[in-house]
Amino acid sequence: QVRLVESGGGLVQPGGSLRLSCAASGSIFSINTMGWYRQAPGKTRELVADINSGGSTNYADSVKGRFTISRDNAKETVTLQMNSLKPEDTAVYYCKVDVIGRTRFSTGDYWGKGTQVTVSA
């Protein structure tokens, strides 16, 4: 019904940058909130940043000033620009989108499969 494809994870040194992208496709009428979550080993999944359909953003305190979330409504994509990365940013990052489907069967929240981000010297 709805498919999410994430890209852009990898290994980076402390202080470096990475850009994550998530593209949605399928039975989509519109998308409300789009966001990125992360889960480090032994920890619960947490919100990193999200952006609503009007462009209002919300960030975890730990990433404010370093990460920037943006979206392209025409392409149904959400991007997370991560700068000044720290070892504590190491985690699997997941995209989540809140979809209004073309049918009621495709309306709901969807998660990507996750992409690994490792920050290490």
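What pattern does the protein follow, read along the sequence? Colour the chain by secondary structure and read from the N terminus: the pattern is β-β-β-β-β-β-β-β-β-β-β. That comes to 11 strands and zero helices. Keep in mind while you click around that this is a predicted model.

**Stop 1: the whole chain**

Zoom out first. The C-alpha atoms fill a box of roughly 45 × 25 × 20 Å along the principal axes. The radius of gyration is 14 Å, which agrees with the value near 14 Å that a compact globule of 121 residues would have. If you colour by accessibility, 40% of the 121 residues count as buried. A contact map is worth a look too: among contacts with a separation of 6 or more, 57% are between residues 24 or more positions apart.

**Stop 2: a four-strand sheet**

Now select β1, β3, β8 and β7. They make an open sheet in the order β1-β3-β8-β7, with antiparallel pairing. Look at the two outer strands: β1 and β7 each have a single partner strand, so one side of each is left without a neighbour in the sheet. On average, neighbouring strands here are turned by 15° against each other, direction ignored. As background, strands of a sheet pair through backbone hydrogen bonds, either parallel or antiparallel.

Go across the sheet one pair at a time:

- β1 and β3 run antiparallel and are joined by six bridges. Pick E6 and you will find its bridge partner in β3, C22.
- β3 and β8 also pair in the antiparallel sense, over six bridges. Here L20 stands opposite L80 in β8, and A23 has T77 in β8 as its bridge partner.

**Stop 3: the disulfide**

You already have C22 on screen, so add C95 and show both as sticks. Their sulfur atoms are 2.1 Å apart and the two residues form a disulfide. The protein's count is one disulfide. The link ties distant parts of the chain together: C22 lies in strand β3 (residues 18-26) and C95 in strand β9 (residues 91-101), 73 residues apart. Set up a dihedral about the S-S bond and you should get -80°, a left-handed link.

Is C22 buried or exposed? C22 is buried, because its relative accessible area of 1% falls under the 20% cut-off. C95 counts as buried as well, at 0% relative accessibility.

**Stop 4: the nonpolar core**

Hide the backbone for a moment and turn to side chains. In soluble globular proteins, nonpolar side chains tend to be buried together. The largest nonpolar core in this model has 32 residues, and W36, L80, M82 and Y93 touch the most other members. Many strands chip in: β1 (2-7), β3, β4 (28-39), β5 (46-51), β7 (67-72), β8 (77-82), β9 and β11 (115-119) each supply at least two residues. The biggest giver is β9, with five residues.

Select L80 and expand the selection to its contacts. Leaving aside neighbours within four places in sequence, L80 is in contact with L18, R19, L20, W36, V48, A49, F67, T68, I69 and Y93. Two of the core residues named above, W36 and Y93, are in that list.

**Stop 5: next door to L80**

Move along to T79, which is found in strand β8. T79 counts as buried, at 11% relative accessibility. Outside its neighbours within four places in sequence, T79 is in contact with R19, L20, S21, W36, T68, I69 and S70.

**Stop 6: M34**

For the last selection, jump to M34 in strand β4. Which residues does M34 contact, leaving aside its neighbours within four places in sequence? They are D50, I51, I69, R71, E76, T77, V78, K96 and V97. You met T77 earlier as the bridge partner of A23. M34 counts as buried, at 0% relative accessibility. To finish, draw a distance from M34 to S53: the two are 19 residues apart in sequence and 8.0 Å apart in space, C-alpha to C-alpha.

Key. Residues numbered from 1 in each chain as written. Predicted model: local features only at pLDDT ≥ 70, side-chain atom pairs only at ≥ 80, totals over all residues. Heavy atoms only, no water. Disulfide = S-S within 2.5 Å. Buried < 20%, exposed > 50% of the residue type's maximum accessible area, 1.4 Å probe, protein only. Core = buried A, V, L, I, M, F, W, Y, C linked by side-chain atoms within 4.5 Å. Contact = heavy atoms within 4.5 Å. Pairing = 2+ DSSP bridges. Axes fitted to C-alpha atoms, helices over the stretch in contact; angles between N-to-C directions. Rg over C-alpha atoms; globule rule 2.2 N^0.38 Å.
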